[in-house]
Amino acid sequence: MKAAVMYQQGGLPQYTNFPEPIVHNEDEVLVTVKAVAIKHLDKSKASGKHYSSDAPKESGKVIGGDGVCLLADGMRVYGMGISGMLAERATIDKDRTVKIPNDLDDATAAALPNAVIGAAMGLKFKADIQPGDVVLINGATGFTGRVAVQIAKHYGAKKVIVTGRNLASLEDLLSLGADEIVSVMQDDESFKAQLTVIHAATPIDVIIDYLWGHTAEMILACVKGKGSFTNRVRYVSVGSMTGDLIQLSAANLRSVDLQLTGSGLGAWSKPQVGQLFSQILPEMFALAAAGKLKVDTVTVKLENIAELWDLEVDGGKRLVVVI
Ligand SMILES: NC(=O)c1ccc[n+]([C@@H]2O[C@H](COP(=O)([O-])OP(=O)(O)OC[C@H]3O[C@@H](n4cnc5c(N)ncnc54)[C@H](OP(=O)(O)O)[C@@H]3O)[C@@H](O)[C@H]2O)c1
């Protein structure tokens, strides 16, 4: 079969012939792959930088973690690869599939799940979002942030505040349900002043963070209390686009009723992952099929994988390889 194969960590994937994967037990099933989104997780695993990366193999490894595929009976499902998914054929975990509604195109169905995971799992299980909550999304202009804005509103957020660096993208988020925008490009004092005013007027309940780094330090400083009762803030780190480390003073932690947590592989319970497949993804696919959850994709062909691997897709779009 044809596949995108990585021979060296940090190198470029090659479009080449590769042996078809073998089903090892009854929990696995062989599928025909239709579309695979290229996400930060795939790139960071392929480069060996992600905390869940496998050791490199000299004989090469097919890349791509999840995607849209056809089962033997022709049913179209989203699945998580046991073998790499950027290939004509792959093996997937039989219990981790979601049927895709007929009205949803392959590219959208391939692109949505990672963003739904990056948005809904944090909002629902880590922040325990409640109807009427005020939600701040730090780094909302990316593909996952755009989905998070819409899911936060779907879960009943009263107000969604978004931060980002691209003003046009930020303004575009207003059409997806955001209520207030805060530019991270202004100077630190102006950023903090704007957020402090917002927090005083409409206390922030939930923070979903895709950036971390310096903006996280500033946001945490803005929710710092002054020694009397404070609003409970649930802060969830989901990504670290602008840095993996922050400085956080102990006084800041003691001054506010703060729950600081993360959402990612290893941070969820088995029942929560079960709910992702049984309830959350089907619900989000249905919303997308009904035009109520909107995403933009750029589709490319598998044979061009080496040239496209490092392609920067801007404006909150997702690169999807169709096979
Ligand atoms: N833990 C999970 O379950 C999970 C799931 C999905 C995603 N993630 C993580 O979440 C993060 C975002 O993912 P994504 O899919 O939204 O990626 P994306 O579509 O590539 O978007 C990246 C975002 O980061 C912003 N950004 C990058 N550099 C920046 C800088 N120097 N200053 C300010 N903003 C900057 C981009 O802003 P512009 O719009 O201005 O370019 C954009 O908003 C990644 O770290 C990803 O790994 C985690």
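**A small sheet, a helix crossing and an enclosed helix**

Let me begin with the sheet, where strand S1, residues 2-6, is joined to strand S4 by two bridges, the two strands running antiparallel. I should say at once that this is a predicted model. Within that pairing, Met6 stands opposite Lys61 of S4. Taken as a whole, this is an open sheet of three strands in the order S2-S1-S4, and its pairing is antiparallel. S2, at 14-17, and S4, at 61-62, stand at the edges with a single partner strand each, so that one side of each has no neighbour in the sheet.

Turning to the helices, the axes of H2, residues 106-126, and H8, residues 270-289, come within 10 Å and cross at roughly 120°, which makes H2 oblique to H8. The crossing of these two helices is right-handed. On the H2 side the contact is made by residues including Leu112, Val116, Ala120 and Lys124, while H8 contributes, among others, Val273, Leu276, Ile280 and Met284. What is the character of the residues in this contact of H2 with H8? They divide into 15 nonpolar, three polar and one charged.

Finally, there is helix H6, residues 213-222, in which seven of the ten residues are buried, so the helix is largely enclosed by the rest of the structure. The buried residues in H6 are Gly213, Thr215, Ala216, Met218, Ile219, Leu220 and Cys222. As for what surrounds them, the buried residues of H6 pack against the strands S8 (134-138), S11 (206-209), S12 (233-237) and S13 (258-262), and also against the helices H5 (188-201) and H7 (250-254).

Methods:
Residues are numbered from 1 along each chain as its sequence is written. This is a predicted model: local features need pLDDT of at least 70, side-chain atom pairs count only at pLDDT 80 or more; totals for chains, interfaces and linings use all residues. Side-chain values use heavy atoms; hydrogens and water are left out. Axes are lines fitted to C-alpha atoms, for helices over the stretch in contact, and angles run from 0 to 180 degrees between N-to-C directions. Helices (H or I, at least four residues) and strands (E, at least two) are DSSP runs, numbered from the N terminus. Angles under 35 degrees count as roughly parallel, over 145 as roughly antiparallel, 65 to 115 as roughly perpendicular and the rest as oblique. A crossing is left-handed if the near helix is turned anticlockwise from the far one by less than a right angle, and right-handed if clockwise. Contact means heavy atoms within 4.5 Å. Ala, Val, Leu, Ile, Met, Phe, Trp, Tyr, Cys and Pro count as nonpolar, Asp, Glu, Lys and Arg as charged, and the others, Gly among them, as polar. Two strands pair if DSSP finds at least two bridges between them. Buried means under 20% relative accessible area, exposed over 50%, partly exposed in between (1.4 Å probe, protein chains only).
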